[in-house]
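Hi everyone, thanks for making time this morning. I'd like to walk you through a structure that is probably new to most of you, so please have a look at the screen.

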Amino acid sequence: MAAPSSATHKPRRNKAKKTAAYDAITKPESLVRTPSFPLASFLWPARGSVSQWEVLPLILMAVGLFRWAAGLWGYSAGAGFQAPPMFGDFEAQRHWMEITTQLPISQWYFNDFQWWGLDYPPLTAYHSWLLGKIGAIIDPTWFELFASRGSHDPTLKIYMRATVIVSEYLIYIPATVIFVRRYSRLFGVAPWTAWVALVAILMQPATILIDHVHFQYNTVMLGFVLSSMSSMLAGRHMWAAVFFVAALGFKQMALYYAPAVFSFLLGSCICPRINVGRFATIAIATVISFAVLILPIVLGTLYDASRGIDSQPDLDGPRPPLPIFPQLAEYLDTNAIYYPVVEQLVQMVHRIFPFSRGLFEDKVANFWCAINVVIKMRKYPAVLLQRISLGATLASIAPANLILLIRPRKELLPYAFAATAWGFFMFSYQVHEKSALLPLLPMTILLAGKQGLGKDIRAWVGFANLLGAWTMFPLLSRVDLKVPYAVLTLLWAYLLGLPPTSTSAYFQEGQSAWLQWSTAIIHGAFYILMIVWHGLAQFVTPPPDKPDLWVVANVGIGCAGFILCYLWCIGKLVQESGILTRSVRQSPGSKSKTQ
Amino acid sequence: MTEIHPSLWQCAVVAAALKILLFPAYKSTDFEVHRNWLAITNSLPIWDWYYEKTSEWTLDYPPFFAYFEWAMSQVAYLVHPMMLRLHNLGYDSWQTVYFQRFTVIVTELVLLYALQIVCAPRFIDSAHGTSRRAAQAAAISILLSPGLLIIDHIHFQYNGCMYGILIASLVLARNKSGLLASGLVFAALLCMKHIYAYLAPAYFVFLLRTYCLPPRSIYKIQFFNCVKLGSGLVAVLGLAFVAPRVGLPVNQEALKSVTRGLVGDTSFAVLPEITPRICFALTLLFQVIPLTKLFLRPTWEAFIGAVTLCGYASFLFGWHVHEKAILLVIIPFSLIALRDRRHLSAFRPLAVSGHVSLFPLLFTPAEFPIKTVYTIFWLMLFLVMFDRLAPASNRQRFFLFDRFSTLYIAISIPLIVYCSLVHRVVFGNRYEFLPLMFMSSYSAAGVVGSWLGFMGVYFTS
């Protein structure tokens, strides 16, 4: 169905490309004789007349093979493979399948918090329920209540790995394919170049390592975010809102993007002229999708309450006050029919947003953890830290979102999303290492855009991804995943011609020498630091009074590099939006007229 | 001349990444067999190698393979000496697994080197329309062969290295100056793994006709060449058998049975109640038929064709031939599959059936997606690419044969789906023989069909 549409679009796109080619720095693609990095070589025979129905299946099979092969390695199992008492994310996800299939819906969010209580939004719960139901057909013992805790049946592992891949192929991968197609067409990028970018995006090492090796379902959330972004590209604002609610409903971490989504959607309602109808549609769609999202929980709670099923059956004596917003109880009748629903929703919010925990939990390469080396953050009161954190986050995301608000242009979306997510990652509360996936995704999709495979963007996207994977190394090495880490990271670096395998991504013709050298030197310094760090962490034991020395060094270097990535995204956003120079505005303005 | 993309090296790097990721995959008893051989060659004097019986997996490959194991065991000693203890039966610490898996990847560099010769411009015969692009495509298809991935990198063996030597030998035979070297390399290969003896008749006839007899008259024997070849062969065999001289009888025993006699596998085309003698006679008969043509017209293409047909004959009629032996057919055939469309249409059913027939080697659920997706990936990529690259033939094609081969390939998809998923869902654990039977008959039909097709192509071209 996409083939005919591409045929009808072709002539117009070519015209757009020709006009855009004038401000392009590098040669037009047709003049390129040799591929400039190995990934382009692999797709080299596919240039010309090869149809997407031949290339796309091959790409999807190849990236699938790497995912499954990486999944043969061990999963997150706490400290060491199959280590009691808590195991890891794998057990958490399995446990959620257990409680969602075995307990009445009203008890899901009340069940024992100590053993991986459900603390993700409802869509994850429904997803777990579905996977648990399917899994129980294969082997009911996998998800037996209590008896299955800490199970490490090898077949269960295979089933769980398969669920990650299937979820990803149903949501993330179609979303990526569609996004790459739309985004590359926006700039008149040729389909072949877009395929190269697609492979690069799908082979992102950090994403494979976290989801398919360490074990999580981040790609489902990321897939919804990408669907939301491609709806924005297509001008379907209502669907953008719906998909984004789905992303939020799957994993609260999608909030990292929320300001950017909000700014873009609001911006497109007020700029260039105020469009009340569009605003109303978006608002109503958002509210309805939230309602649909929690509807099963609400109905389930009401139904369970009517059958006399208690949401907290272990509890003796009077019901405890609401965990947060206790003042609500003063206005509400605790015996009313709606009260269990209120209690359920409050409990859900309480589980999903753990305000009571510290500023940071583990060693993660964000600002607070890095600054902690110099100033011990824990000595300050939690409320003060929360306020500082909130202020810093808002300050860091403000520039990107203001630009997006006044210039809600599709070309800027990845930059704004990345800058916002970096801001959250660096300054917000309770950040996890894995959260680096969120800023990495919008940065990586830049590969599909204008000059995306040119040296400048490739160097920066590569730098962010390799640094991001590197900051996850302590997490991965704790569970003996050094080999898949090394293989997937080096493979990606090799495919895209990045250090340490090649320096081909540096020294682009036509750029100022000053900029080239500074980029090369800064990136080079970071790559050397990363390699030296690996050598030290592998062979030198840290001094006994500083057992965490290498991890802290990792955090410090990672944080500095991420700040650079954040600044680069902001810089590119300012440059591309053209708010500082009027002359640059001309060409995108004329281009948007052709659409 | 411009470079063709992607290069063999680039493919090898990416393939190596996948192979390293497959380290924790299922491994068969062959892993322990080879670990035991490392232990034997490292810890015993050379004359005891073929008498050592602590493990049931005695050393039963010819001596060059034992030397090969010995060389690797020297490195293994530096890495993790525990794996070299004779009594450490079934030892598979992660160091052992990493080391042995890694040696498979490293020794495959031999294959890479041989394939680089295949693609080298001086070996491309543009008169036959075989462009460099086609040679490179064929070389990459061998390098990425699902057969080698399944057998070597998951199941565990060292075929990549040995097929590399075979290809080097086949390619050397292309030039007159390389004939002697080709013969000697092949002799050395025979001293590594005796299964290649099945291909020896083609070598014998080809070298006899092109090297020992002059091209015009077959009555004037070129004595000097004969002496060179003979003394070379004696030297190679001497090198192999002199040192573990005492072990020779054991080794001959192994040579006679030709394979280790793994019984009860799903190797097909061997009907019950057939004695080894009949098998041998049939194999010989169907080897002699193509060899007569080779004797009359000793071109390099005919030689590769004859090697392929010898492989077919031994695979189809040999005694206790393992399904892994299908590589004996597929790999030489790959070298000439792109000559023209008629060759290609005989190759296609073989590519499908040969690789599908390897599926039962891996029966664990974790490896199921790897073997199927990788094979489908390979088939889709290379059948499409070969289809573009193969030049039209100057002869009439077999119309029906083409149609049947397309139909045959189309059947594979529902068949794989049925055997791997539908059967389990419908019948549970009952009738477990059904999928195996379907697979075997499907593969047998493909191999026999492609054999008949290729016979036709061979005798009419």
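Let me begin with a term we'll need in a moment: a salt bridge here is a side-chain nitrogen of Lys or Arg within 4 Å of a carboxyl oxygen of Asp or Glu. And please keep in mind throughout that this is a predicted model.

With that term in hand, how many salt bridges does the rule find across the interface of chain B and chain A? The count is one. The partners are A:Glu54 and B:Arg388, and their closest N and O atoms lie 2.9 Å apart. Polar contacts between the two chains come to four residue pairs, with both residues at pLDDT 80 or more.

Which elements of chain B give two or more residues to the side that touches chain A? They are helix H1, residues 8-21, and helix H17, residues 368-389. H17(B) provides the largest share, with 10 residues. If you sort that side of chain B by class, you get 24 nonpolar residues, two polar ones and two charged ones.

Now let's step back to the interface as a whole. On the chain B side, 28 residues are in contact with 29 residues of chain A. Together the two chains bury about 2,600 Å² between them, and carbon and sulfur atoms give 83% of that area. Three residues deserve a mention here: B:His5, B:Leu21 and B:Phe377 supply 25% of the area that chain B buries against chain A, more than any other three residues.

On to chain B by itself. What is its make-up in helices and strands? Chain B has 19 helices and zero strands. It has 461 residues, and 57% of them count as buried. Looking at contacts in chain B with a separation of 6 or more, 79% are between residues 24 or more positions apart. As for the outside, the accessible surface of chain B is about 19,600 Å², with 69% of it belonging to carbon and sulfur atoms.

Let me zoom in on two serines in this chain. The first stop is B:Ser141, which sits in helix H6, residues 132-143. Is B:Ser141 buried or exposed? Its relative accessibility is 1%, so B:Ser141 counts as buried, the cut-off being under 20%. Leaving out residues up to four places away in sequence, B:Ser141 touches B:Ser334, B:Trp378, B:Phe382 and B:Phe386.

The next stop is B:Ser169, in helix H8, residues 159-172. B:Ser169 is buried too, with a relative accessible area of 1%. What does the side chain of B:Ser169 make a polar contact with? The partner is the side chain of B:Tyr203, at 2.5 Å. B:Tyr203 also appears among the residues that B:Ser169 touches beyond four places in sequence, along with B:Ser182, B:Val185 and B:Phe186.

Finally, a quick visit to chain A. Please find A:His95 in helix H4, which covers residues 89-102. A:His95 is buried, because its relative accessible area is 0%. Setting aside neighbours within four places in sequence, A:His95 is in contact with A:Asn111, A:Trp115, A:Trp116 and A:Arg149. You can also look for A:Trp142: A:His95 and A:Trp142 are 47 residues apart in sequence, while their C-alpha atoms are 9.5 Å apart in space.

That's the tour, so thanks for listening, and feel free to rotate the view yourselves.

Note on methods:
Residues numbered from 1 in each chain as written. Chains lettered and ligands numbered in written order. Predicted model: local features only at pLDDT ≥ 70, side-chain atom pairs only at ≥ 80, totals over all residues. Heavy atoms only, no water. Contact = heavy atoms within 4.5 Å. Buried area = accessible area lost by both parts, 1.4 Å probe. Polar contact = N/O pair within 3.5 Å; in protein donor to acceptor, adjacent residues only side chain to side chain. Helix = DSSP H or I, 4+ residues; strand = E, 2+ residues; numbered from the N terminus. Nonpolar A, V, L, I, M, F, W, Y, C, P; charged D, E, K, R; others polar. Buried < 20%, exposed > 50% of the residue type's maximum accessible area, 1.4 Å probe, protein only. Areas by Shrake-Rupley, 256 points an atom, 1.4 Å probe, with all protein chains shown as cover.
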